[in-house]
Amino acid sequence: MTHGGTNLEVERWIETTAGPVHLRELGPPTGAPLLFVHGALVDSHLWDGVAERAAALGYRCLLPTLPLGSHTRPMNPGADLDPPALADLAAEVVEQLGLRAVTVVGNDTGGGLSQILAARHPELVRTLVLTACDAYEQFPPRSLRAFFALGRAPGVLTLGGQLMRLRTARRFAIPRPLSHRGVGDEMVAGWTRPLRDRALRRDTVKFFAGIEASHTLAAARQLRHYTGGALLVWGSDDRVFGLELGRRLAADIPGARLEILDDCGAFVPLDAPDRVAELIDEWLTK
């Protein structure tokens, strides 16, 4: 890998079979591509710190915002937003860019989707980087099952969108189990603003309704035969997913490596962005 890339950001909309997907790119267009997959009710900005560092190291960082609740344009009314379809959507973005052998980097729900993507489209995935994410029976994780159940009710999302107009409410949106470092108010406001839009809430309810462990369990069975290996990065204080999930994935995916970072919650990309980028670089250049 040639270091010393550029952090110039390019934005575009990609029209997919499911609907429009917003894509940001950082880093040189000739760099090895990294596809960053975010989780539920956040957007691609979750990865900003990691992507900025990786771009400076010479990687081409692809940051789509998928229809997981913080997207800003609705999907087509009949679009399938179940997890396998969302993994296919991410694959379609990669294919429209004319790429193959991308490194897929996932967190939270996006890590579950990344596993499904690698299982369904192994020809597109060079290797996996999973940071504290859903897996196996924990899709959604046990600690958030009540939250996801509520998210399937449009009225609850409507109320949540209205509450998040208040700065006081936004202060409590990302508690310490998610991030030790915390998130700025402007970013939280951006993540929650789409919940005020009826069409975007429709997409979010559809996405929440499709989350079930059968999808990640099926992916796990496929990944036992995956040849690309996986870098797993977990926080030592992850009280959402827990270290046992990372250890289980490391044991099941051939060639996997587990790194445990101190003072990190579930949102590892927010708590240790520079270290995550450095680990990705080490993993890809080993």
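Which residue in strand 6 is the bridge partner of N107? The legends below walk through this predicted model view by view, and the second view gives the answer.

**View 1. The whole chain is a fold of 12 helices and eight strands.**
Start by taking in the overall picture. The radius of gyration is 17 Å, close to the 19 Å that the globule rule gives for 286 residues, so the chain is as compact as a globular protein of that length. Along its principal axes, the C-alpha trace spans about 50 × 40 × 35 Å. Of the 286 residues, 58% count as buried. Among contacts with a separation of 6 or more, 77% come from residues 24 or more positions apart. On the outside, the chain exposes about 11,400 Å², and carbon and sulfur atoms supply 52% of that area. The chain carries 31 positive and 33 negative charges, and the mean positions of these two groups are 4 Å apart.

**View 2. Strands 5 and 6 pair in the parallel sense.**
Here you can find the answer to the opening question: N107 has T131 of strand 6 as its bridge partner. Strand 5 covers residues 102-108, and seven bridges link it to strand 6. Strand 6 itself runs through residues 125-133 and is mostly covered, with eight of its nine residues buried.

**View 3. Strand 3 is covered on both faces.**
In a regular strand, side chains alternate between the two faces of the sheet. Try following that pattern along strand 3, which spans residues 33-37. On one side sit P33, L35 and V37, while L34 and F36 are on the other, and all of these are buried. That matches the count for the strand, where five of its five residues are buried. Strand 3 also has a parallel neighbour in strand 4 (residues 60-65), with three bridges joining them. Look for L34 and you will find its bridge partner, C61, in strand 4.

**View 4. Helix 2 holds A90, a buried alanine.**
Helix 2 runs through residues 83-96, and A90 lies in this helix. With a relative accessible area of 5%, A90 falls under the 20% limit and so counts as buried. Leaving aside residues up to four places away in sequence, A90 touches L35 and L117. The first of these is a residue you met in the previous view, on one of the covered faces of strand 3. Now look across to L113: A90 and L113 are 23 residues apart in sequence, and their C-alpha atoms are 9.0 Å apart in space.

**View 5. A101 and A132 both have a positive phi without being glycines.**
Take A101 to begin with. Its phi is about 60°, and A101 lies in the loop between helix 2 and strand 5. Is this alanine buried or partly exposed? At 38% relative accessibility, A101 counts as partly exposed. Next, turn to A132, where phi is near 40°. A132 belongs to strand 6, and at 0% relative accessibility A132 counts as buried.

**View 6. A cis peptide bond leads from F139 to P140.**
For the final close-up, follow the chain beyond strand 6. Omega of the bond from F139 to P140 is near 10°. P140 has its place in the loop between strand 6 and helix 4, and that helix covers residues 145-151.

Definitions and conventions:
Residues are numbered from 1 along each chain as its sequence is written. This is a predicted model: local features need pLDDT of at least 70, side-chain atom pairs count only at pLDDT 80 or more; totals for chains, interfaces and linings use all residues. Side-chain values use heavy atoms; hydrogens and water are left out. Helices (H or I, at least four residues) and strands (E, at least two) are DSSP runs, numbered from the N terminus. The radius of gyration is taken over C-alpha atoms; the globule rule is 2.2 Å times the number of residues to the power 0.38. Buried means under 20% relative accessible area, exposed over 50%, partly exposed in between (1.4 Å probe, protein chains only). Contact means heavy atoms within 4.5 Å. Accessible areas come from the Shrake-Rupley method with a 1.4 Å probe; for residues, only the protein chains shown count as cover. Lys and Arg count as positive and Asp and Glu as negative; His and the chain ends are not counted. The place of a charge is taken as NZ of Lys, CZ of Arg, CG of Asp or CD of Glu. Two strands pair if DSSP finds at least two bridges between them.
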